[in-house]
Protein chains: 2
Amino acid sequence: MFEELLDANAAYAKTFDGAGLAREPAKRLVVVTCMDARIDTLAALGLKPGDAHVLRNAGGRVSDDVIRSLVVSTRLLGTDTVVVMHHTGCGMATINKKSVREILTDIDEEHWEPFQLLEIEDQQQALREDVTKVRESPLLRDLRVAGFIFDVKSGRATQYL
Amino acid sequence: MFEELLDANAAYAKTFDGAGLAREPAKRLVVVTCMDARIDTLAALGLKPGDAHVLRNAGGRVSDDVIRSLVVSTRLLGTDTVVVMHHTGCGMATINKKSVREILTDIDEEHWEPFQLLEIEDQQQALREDVTKVRESPLLRDLRVAGFIFDVKSGRATQYL
């Protein structure tokens, strides 16, 4: 598998032109979205390499680690616009800590107890919470923040917030 | 800006075919990499929508939130292969908590004190730490894990671990 990825990368590098790309995103944009395999973040939003920071985790949730990354992105690397993009058919909306524990019976209680799942109970509510976390973080300043939902069947993104 | 992204997405959706894509990544792969704007994760590794989960944050560090996402990806959604891909020219290698504090003087000490930056002091050491965290996490099991470094000038990925 690793070999296959490196071979594909060698072909990619032949046409990659990194010389003109800066560390600071050209569109001053940062996108927070889910790890879901069906989301090709740049392509889905018409972006090119160099345009935007991309943060991804299970659910596209605004975790402490996303706030950490947004501090670096928005306060040190010049971005000022944030899109939080959740999606339809998200696995995080089908589980909770109790249901996961029934599957993962091999984890010691000491490691399981502090584990935070950040599951999604209600999609629009979760999106609202995450957008609000960005807007109200005491570590962040002066951002434009939107909330999108990406439809993994149609490929369409819709703005909700 | 939001309008521009949604217009570009409408064009993308016209050719997007999500019908055949499952929630479980087809290549049973998850890639952990940096938010850096110059990394187009899928394209750089020859992947298509549906192939792999993608986790991204500042530095591509294996934070608690990455472990959370890896639990969901590897133990609930069938992935078994992890690539941790750091990159050259990473902003996280140029800062530390003290240097950032000198810039961000407007954050209250109570919010600043618990803030974890997860900066990179030594690139290969950080990559080794992150790969080891995945391999040794008490929440994860039976994974193949590699460590790549992506060169943002040439577009080439190299396997170090």
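Hi everyone. Let me begin inside one helix: A:Arg68 and A:Asp65 sit three residues apart in helix H3 of chain A, residues 64–76, so about one helical turn separates them. Keep in mind that this is a predicted model.

What do these two residues form? A:Arg68 and A:Asp65 make a salt bridge, and their closest N and O atoms are 2.7 Å apart. Are they buried or exposed? A:Arg68 counts as buried because its relative accessibility is 2%. A:Asp65 also counts as buried, with a value of 9%. The cut-off here is under 20% relative accessible area.

Now for a second helix. In helix H4 of chain A, residues 97–103, A:Lys98 and A:Glu102 are four residues apart, so again about one helical turn lies between them. Their side chains meet in a salt bridge too, at 3.7 Å from N to O. This time the setting is exposed: A:Lys98 has 62% relative accessibility, and A:Glu102 has a relative accessible area of 56%. For exposed, the value has to be over 50%.

If salt bridges are new to you, here is the idea: side chains of opposite charge can pair when their charged atoms come close.

Next, let's cross from one chain to the other. The side chains of A:Asp106 and B:Arg75 meet in a salt bridge, 2.7 Å from N to O. A:Asp106 lies in the loop between H4 and helix H5 (109–112) of chain A, while B:Arg75 belongs to helix H3 of chain B. At 36% relative accessibility, A:Asp106 counts as partly exposed. There is also a salt bridge between A:Arg75 and B:Asp106, at 2.7 Å from N to O.

How many salt bridges does the rule find across the interface of chain B and chain A? The number is six. Over all chains, the structure holds 24. Some link up into a network, and one such network joins A:Arg28, A:Asp80 and A:Arg144. Across the interface there are also 33 residue pairs in polar contact, both residues at pLDDT 80 or more.

Which parts of chain B touch chain A? The elements giving two or more residues include helices H1 (2–15), H3 (64–76) and H4 (97–103), along with strands S2 (52–57) and S3 (81–87) of chain B. The largest share, nine residues, comes from H1 of chain B. Sorted by class, that side of chain B has 50 nonpolar, 19 polar and 17 charged residues.

Let's put some numbers on the whole contact. Chain B gives 86 residues and chain A gives 86 residues. The area buried between them is about 7200 Å², with 64% of it from carbon and sulfur atoms. B:Phe2, B:Met35 and B:Arg68 supply 11% of the area that chain B buries against chain A, more than any other three residues.

Finally, how are the two chains related? In general, two copies of a chain are related by a rotation about an axis and a shift along it. Here, a turn of 180° and a shift of 0.0 Å along the axis lay chain B on chain A with an RMSD of 0.0 Å. That is why we can speak of a two-fold axis. In chain B, the C-alpha nearest that axis belongs to B:Arg56, at 2.4 Å. Both copies use the same surface, with 100% of the contact residues of chain B recurring in chain A.

Thanks for listening!

Technical notes. Residues are numbered from 1 along each chain as its sequence is written. Chains are lettered from A and ligands numbered from 1 in the order in which they are written. This is a predicted model: local features need pLDDT of at least 70, side-chain atom pairs count only at pLDDT 80 or more; totals for chains, interfaces and linings use all residues. Side-chain values use heavy atoms; hydrogens and water are left out. Copies are superposed by least squares on the C-alpha atoms of residues with pLDDT of at least 70 in both. Contact means heavy atoms within 4.5 Å. Buried area is the accessible area (1.4 Å probe) that two parts lose on being put together, summed over both. A salt bridge is a side-chain nitrogen of Lys or Arg within 4 Å of a carboxyl oxygen of Asp or Glu. A polar contact is a pair of N or O atoms within 3.5 Å; within protein, one must be able to donate a hydrogen and the other to accept it, and residues adjacent in sequence count only if both atoms are side-chain atoms. Ala, Val, Leu, Ile, Met, Phe, Trp, Tyr, Cys and Pro count as nonpolar, Asp, Glu, Lys and Arg as charged, and the others, Gly among them, as polar. Buried means under 20% relative accessible area, exposed over 50%, partly exposed in between (1.4 Å probe, protein chains only).
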